Amino acid sequence: MNTKILFRSLILILFCFVKTNAQEVLTVEDAVKIALENNYEIKIASNNLRIDKTNVSPGNAGMLPKATATIVDANGIQNISQTRSDGTVTKLDNAKNNSFNYGVGLDWTVFDGFRMFAKMDQLKELQKLGEAQLKLTIITKISDVNATYFNLVQQQQQLSALDSTIVISNQRLTLAQNRFTIGKASKLEVLNAQVDLNTDKVALLRQKELFSNTKIMLNQLLVRDARNDFEVAQSIVVDNKLVLSELNTLAEKQNPQLEAQIINKNVAELQLKQIKAARYPIVKLNTAYNFFESQSSLGFTTQSSARGLNYGFSASLNLFDGFAQNRNEKISQIQIDNSKLAYEQQNLALHSQLAASYQTYLTNLELIALEEKNEVIAKQNLNITLDKFRIGTITTLEFRTAQLNYVNAKVRNSNAQFQAKLSEIALKELAGTITF
């Protein structure tokens, strides 16, 4: 009977082991790849860029002619009475009249003060703006995925710390019960150990809840089923070789928000060119081939028809429009000035954010080194305290303090690594160099 129970237990353990190993291990690179393929905001930004690319065409800029086909069929039935100059009166009831006209016309603006060329350049700049907006969306989402992923890693490390403290609390409770059994400790020591163990279990449950909810958040970013379970990396690796001067140089070239401000300034300048085009004449060519036929039941001409080619050109020049031209040009120039100010403002904000984030990054790197030492010291202190507690030379309060110091040291170390990683992600996001 004991052999059967042992065999079943081994089978159960093996099944759990296989199930655990079969669970998906999600790397941060895989998470970014899935987000780039599935994220809704990235797809929407991609579609908006496709619209911008479609708009870049000579026809949309007004460079191509317009051809139209027309057909008109008009019919009428009337009671007509005509009095001629010689006094003759002619009457006809239900007189039928009809006309039929169809043809093809071509209109082409061959000169509009170079407005069409400025419009074409503006459409190309708007396409670049769409590319910058797509890049910003991608970088932002990659940053969100990285931050959420390493938040999971940090929480997993905190779960490990809480697991270890529960093991220690169980040992403490067992020792307290043994000491109480042999009369070397009071019931109060046992109860205190039980209360502390329950407190640790509550903290572990809360941490598991937070860990599960963060998994759901990451699945949402990846556009996956919220119940999709996975494992993450065990540690956080921080890039400790970032240099502020290099980041500033890269940001001026690659930051999508700064790039968008440059494009907005170009768009405003091209808008002014289009407005100034109204000072030049507009020249249009037109041609058409039409067919016309009419019939009338009463009149000097009962039937007529014509067909043929019409062609010509037209030119127009705005001489005075109530000073609207001057007003529009002044407004457009002010918009250009505003775009320059917006660029300078964004550039200053970018370098300020980089400087502040870099200082936080350096501080977090120092904290990592400090907290790693603190964790080692706290571990040594806990081991010594545990040995002394076993032989009864320290109080339960002293033991609990050493235990909490160790757990807090592990949590602080994990948090320092996570905060340093967040600083690294923020710097690379601002510099436009975050990997994707």
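1. A good place to start is the second largest pocket: α4 (58-61), β2 (89-111) and α5 (115-181) each supply at least two residues of its lining. Please keep in mind throughout that this is a predicted model.

2. The second largest pocket has a volume of about 200 Å³. Its lining is made up of 14 residues, and those closest to the pocket's centre are Gly-62, Leu-64, Lys-66, Thr-109 and Lys-284. By residue type, the lining of the second largest pocket splits into six charged, five nonpolar and three polar residues.

3. Now to the largest nonpolar core, which holds 42 residues. Leu-26, Val-145, Tyr-149, Phe-150, Leu-218 and Leu-222 have the most contacts inside this core. Two or more residues come from each of α2 (28-38), α3 (40-55), α5, α6 and α10 (396-431), and α5 gives the most, with 14 residues. As general background, nonpolar side chains tend to be buried together in soluble globular proteins.

4. Leu-26 is worth a look of its own. Leaving aside residues up to four places away in sequence, Leu-26 touches Tyr-149, Leu-218 and Leu-222, which are also listed among the residues with the most contacts inside the core. Other residues that Leu-26 touches include Ala-31, Ile-34, Phe-230 and Val-232, along with Arg-224 and Glu-231.

5. Finally, do follow helix α6 from end to end. Helix α6 covers residues 187-221, 35 residues in total, and reaches 52 Å from its first C-alpha to its last, close to the 51 Å expected at 1.5 Å a residue. After α6 comes Val-223, whose phi is positive, near 55 degrees.

Key: Residues numbered from 1 in each chain as written. Predicted model: local features only at pLDDT ≥ 70, side-chain atom pairs only at ≥ 80, totals over all residues. Heavy atoms only, no water. Helix = DSSP H or I, 4+ residues; strand = E, 2+ residues; numbered from the N terminus. Expected span 1.5 Å × (residues − 1). 1 Å grid on protein atoms, 1.4 Å probe; cavity = no way out; pocket = protein on both sides within 12 Å on 5 of 7 lines; lining within 4 Å. Points joined across faces, edges and corners; volume = space filled by probe spheres on them. Nonpolar A, V, L, I, M, F, W, Y, C, P; charged D, E, K, R; others polar. Core = buried A, V, L, I, M, F, W, Y, C linked by side-chain atoms within 4.5 Å. Buried < 20%, exposed > 50% of the residue type's maximum accessible area, 1.4 Å probe, protein only. Contact = heavy atoms within 4.5 Å.
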